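Explain how this structure is put together, chain by chain, and how its sheets are built.

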Amino acid sequence: MVISRKPSHLIVAALLALMPLLSIANENHGEATSTHATEAVAPAGEEGHGEGHETGDIRSEIKSHINHHVLDSHDFTLFADDKEGKHFGFPLPVILWDGELHMFSSAEFHHAENGVVESNGKYYVLSHHDGKIYRTDASGTLTEDEKSGHPTNVHPIDLSITKSVLFIIITAILMFFLFTRLAKSYAKNGGIPKGMVRIFEPLVVFIRDEIAIPNIGEKNYKKYMSYLLTIFFFILFLNLFGLTPLGVNVTGNLTITFSLAILTFLITNLTANKNYWGHIFWMPGVPYLMRIVLAPIELLGVFIKPFSLMIRLYANIFAGHIVIMSIIGLMFIFKSWIGSPLSFGLAFVLSILEILVAFLQAYIFTMLTALYFGSANEEHHHEEAHH
Amino acid sequence: MTIPNIVGAGLIVIGAGLGIGKIGGSAMEAIARQPEASGKIQTAMLIAAALIEGIGFAALFAA
């Protein structure tokens, strides 16, 4: 991250760092006022337990709010006012494959009286338990499993444009335009990039000179550069989108990091040369008995490498979102003069730390991917391997 | 979350913290000895720290 010495740039950077505070505080604000209202309605019932019950209520509300934020959803809510029951945002298309294609807007779930949407003679309902769509009957009954509490209804194949999918598409379009412009400006100005996009040049050069060439080698690095650049900027942009008030959590979603890791796994193993497989199944330079012992361990390592890539990115971003939102939630639990400055200060510092983490995780993912590609392309330099 | 889970999570965090702290401290010493190699040392430090972090997170999910 490059922060210029100019104070104005620092102020802009600080304001950007404060942006998550804005969105999350906004959403919680609506909920906090709603609990005030319910408290005012029923104060006479249990006066002794009123205070404790109310803080417990806010705690569970903050908890459910955080749980809702970190999951994917079928509509895009910018902020909500629970007191008046208003949601500010827009619905997203729902696409289901259930024997045939069903397409409808997710707004229909809110407009229908009991949340049941009819499409081509089949009925669907959005479960509030896990945010997934289930097939149901006209009255909308969901049978729940006693042990886990998950609905046991038929779950159709869901190809909807959810919030995460929307942001993956937006990032793809953004990256396409930014980097096409960067590439074009090189051709136009005789090798010197021009305009806003040139801020990406140092990053591209950094990935080539510090990540690709030292890890993969001068000979083979070119065929992996496009993939390395793509995952670096994809993860970086989505991490940074997660810190804006839009409230998306794409790279903190296990399915998305799984897809990224499996791409790395496939490219590593499909482009590997015979030395790579030789080092796995018949390790050169060790006694014969050791080779038999080492083979299963090395084979396990092939799968553990992408698995750790997947878990690392997911857990870092997921934990970052939860910590920031919990600290902002402190404001509503303390309810005294100390709460707001404390949670404001902590959230401010943590947001700056999260920007660092956004860059660091994109770097680590790209770095380790390059390292695995390098190991798949290693030439044999052991003397005994020549005999 | 039950008490054994919480204690286990605490132990994992202590272990991972000690490991990453050792890496960071050694990298500092190495950079102080050879400032011209700081780039290479930082890269190696980040990789080692990331590997420990990965194990730590995997254990936290199991806990």
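Chain B of this predicted model holds two helices and zero strands. Its radius of gyration is 15 Å, whereas the globule rule gives 11 Å for 63 residues, so chain B is more spread out than a compact globule. The extents of the C-alpha trace along the principal axes of chain B are about 50 × 15 × 10 Å. Of the 63 residues in chain B, 8% are buried.

Contact between the chains involves seven residues of chain B and seven residues of chain A. On the side of chain B that touches chain A, five of the residues are nonpolar, one is polar and one is charged.

Chain A contains ten helices and eight strands. Buried residues account for 26% of its 387 residues. Among the contacts in chain A with a separation of 6 or more, 60% are between residues 24 or more positions apart. The domain assignment splits off domain 1 (93-160) and domain 2 (164-386) in chain A, and the C-alpha centres of these two domains of chain A are 35 Å apart.

Two sheets of chain A can be followed strand by strand. In general, the strands of a sheet are paired through backbone hydrogen bonds, in a parallel or antiparallel sense.

One sheet of chain A is open and has three strands, in the order E4-E3-E8, with antiparallel pairing. Strands E4 (101-105) and E8 (157-158) of chain A are at the edges with a single partner strand each, so one side of each has no neighbour in the sheet. Strand E3 (residues 93-97) of chain A is joined to E8(A) by two bridges in the antiparallel sense, and Trp97(A) has Ile157(A) in E8(A) as its bridge partner. Between E3(A) and E4(A) there are five bridges, again with the strands running antiparallel. Here Pro93(A) is bridged to Ser105(A) in E4(A). E3(A) and E4(A) also form a hairpin with three residues between the strands, where Gly99(A) has a positive phi near 85°.

What do the side chains along E3(A) do? They alternate: Val94(A) and Leu96(A) are buried and point to one face, while Pro93(A), Ile95(A) and Trp97(A) point to the other face and are not buried. Two of these residues have already appeared as bridge partners, Pro93(A) towards E4(A) and Trp97(A) towards E8(A).

The other sheet of chain A is likewise open, with three strands in the order E5-E6-E7 and antiparallel pairing. Its edges are strand E5 (116-119) and strand E7 (133-136) of chain A; each has a single partner strand, so one side of each is left without a neighbour in the sheet. From one strand to the next, the twist averages 35°.

Four bridges connect E5(A) and E6(A) in the antiparallel sense, with Ser119(A) opposite Lys122(A) in E6(A). The hairpin of E5(A) and E6(A) leaves two residues between the strands, and Asn120(A) in its turn has a positive phi of about 55°. On the way to E7(A), strand E6 (residues 122-126) of chain A makes four bridges, also antiparallel. The bridge partner of Leu126(A) in E7(A) is Ile133(A).

Methods. Residues numbered from 1 in each chain as written. Chains lettered and ligands numbered in written order. Predicted model: local features only at pLDDT ≥ 70, side-chain atom pairs only at ≥ 80, totals over all residues. Rg over C-alpha atoms; globule rule 2.2 N^0.38 Å. Buried ≥ 20, exposed ≤ 12 C-beta atoms within 10 Å, placed from the backbone. Domains from an automatic or database assignment. Pairing = 2+ DSSP bridges. Axes fitted to C-alpha atoms, helices over the stretch in contact; angles between N-to-C directions. Contact = placed C-beta atoms within 7 Å. Nonpolar A, V, L, I, M, F, W, Y, C, P; charged D, E, K, R; others polar.
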